[in-house]
Amino acid sequence: MPFREKSAWIMTLALLLGGFVYFRAAGVPWSESDELASPEIPMMLAYAGILVAVAVAGHIISAALAPKDAHAPVDERERQIFNRAGHYSSFVTGFGVVISLGFYILSSSGDLLFYSVFASLLAGQIAEYALQILFYRTSI
Amino acid sequence: MGRKIPITNRVRELREQHGGMTQAQLGEAIGVTRQTVIAIEQNRYSPSLESAFRIARLFGVGLEDVFSWNE
């Protein structure tokens, strides 16, 4: 598996884990009894900490296992993969933000707007890495 | 996504004819990764014109001796 595909797997895992912990801590209603907490800096720091820790540890291990691959420059196919994945994932982010704005119009909740935009950014990033993995494994 | 590429190639065959050059060696010679060479050989990726010329020049053949249009 190419180093950058491994990197996409690591980032997908880090984003999923960080996102789950963040939204769990935020109390985003998994059930009707849960209440939505206002966004706070410590929650953001915890999210960033998880993301950085998983990403750094994952990349160090991955690079140690295949140092030559890790140092190889991005080639023409990988550039196409990244460009296409970035292009399609931008639709996910954009769609999520538009839906978030709709939520805001209906609910007038700034907290909900924050969380839904944050979730859209997260979904867009996850989609980008997932598409990179897909394009690495199929023809582009 | 996953579309069938209408360009076939003889990269693997030419590589084997040239002293069993490895995919990594070919990749290094033309400036792409081993995974990209694998993708080219498996018809999952059409290389850029520049890389196609580099491959042909490396094997000392014409472009059409390496790549062909196959609908």
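Biologist: How many helices and strands make up the secondary structure of chain B?

Modeller: Bear in mind that this is a predicted model. Reading along the sequence, chain B runs β-α-α-α-α-α-β. Tallied up, the secondary structure of chain B is 5 helices and 2 strands.

Biologist: What radius of gyration does chain B have, set against a compact globule?

Modeller: The C-alpha trace of chain B spans about 30 × 25 × 20 Å along its principal axes. For 71 residues, a compact globule would come out near 11 Å, and chain B agrees with that, because its own radius of gyration is 11 Å.

Biologist: And what percentage of chain B counts as buried?

Modeller: To count as buried, a residue needs 20 or more other C-beta atoms within 10 Å of its own. Of the 71 residues in chain B, the share that passes is 27%.

Biologist: Among contacts in chain B between residues at least 6 apart in sequence, what share joins residues at least 24 apart?

Modeller: A contact here takes C-beta atoms within 7 Å. Take the chain B contacts whose partners sit at least 6 apart in sequence; the share joining residues at least 24 apart is 53%.

Biologist: Which helix gives the largest share of the side of chain B that touches chain A?

Modeller: The contact draws 14 residues from chain B and 9 residues from chain A. The largest share of the chain B side is 3 residues, and they come from helix H3 (residues 34–41) of chain B.

Biologist: What does that side of chain B look like by class?

Modeller: Let's stay with the 14 residues that chain B brings to the contact. Sorted by class, the side of chain B that touches chain A has 5 nonpolar, 7 polar and 2 charged residues.

Biologist: Over to chain A: are H4(A) and H5(A) roughly parallel or antiparallel?

Modeller: The axes of helix H4 (residues 76–107) of chain A and helix H5 (residues 110–137) of chain A come within 8 Å and cross at roughly 160°. H4(A) passes H5(A) in a right-handed crossing, and their contact has 19 nonpolar, 11 polar and 2 charged residues. Angles over 145 degrees count as roughly antiparallel, so H4(A) and H5(A) are roughly antiparallel.

Biologist: Is A:Gly49 buried or exposed?

Modeller: A:Gly49 sits in helix H2 (residues 41–65) of chain A. A:Glu5 lies 44 residues from A:Gly49 in sequence and 23 Å from it in space, C-alpha to C-alpha. A residue with 12 or fewer other C-beta atoms within 10 Å counts as exposed. A:Gly49 has 12 of them within 10 Å, so A:Gly49 is exposed.

Key:
Residues are numbered from 1 along each chain as its sequence is written. Chains are lettered from A and ligands numbered from 1 in the order in which they are written. This is a predicted model: local features need pLDDT of at least 70, side-chain atom pairs count only at pLDDT 80 or more; totals for chains, interfaces and linings use all residues. Two residues are in contact if their C-beta atoms, placed from the backbone, lie within 7 Å. Helices (H or I, at least four residues) and strands (E, at least two) are DSSP runs, numbered from the N terminus. Ala, Val, Leu, Ile, Met, Phe, Trp, Tyr, Cys and Pro count as nonpolar, Asp, Glu, Lys and Arg as charged, and the others, Gly among them, as polar. The radius of gyration is taken over C-alpha atoms; the globule rule is 2.2 Å times the number of residues to the power 0.38. Axes are lines fitted to C-alpha atoms, for helices over the stretch in contact, and angles run from 0 to 180 degrees between N-to-C directions. Angles under 35 degrees count as roughly parallel, over 145 as roughly antiparallel, 65 to 115 as roughly perpendicular and the rest as oblique. A crossing is left-handed if the near helix is turned anticlockwise from the far one by less than a right angle, and right-handed if clockwise.
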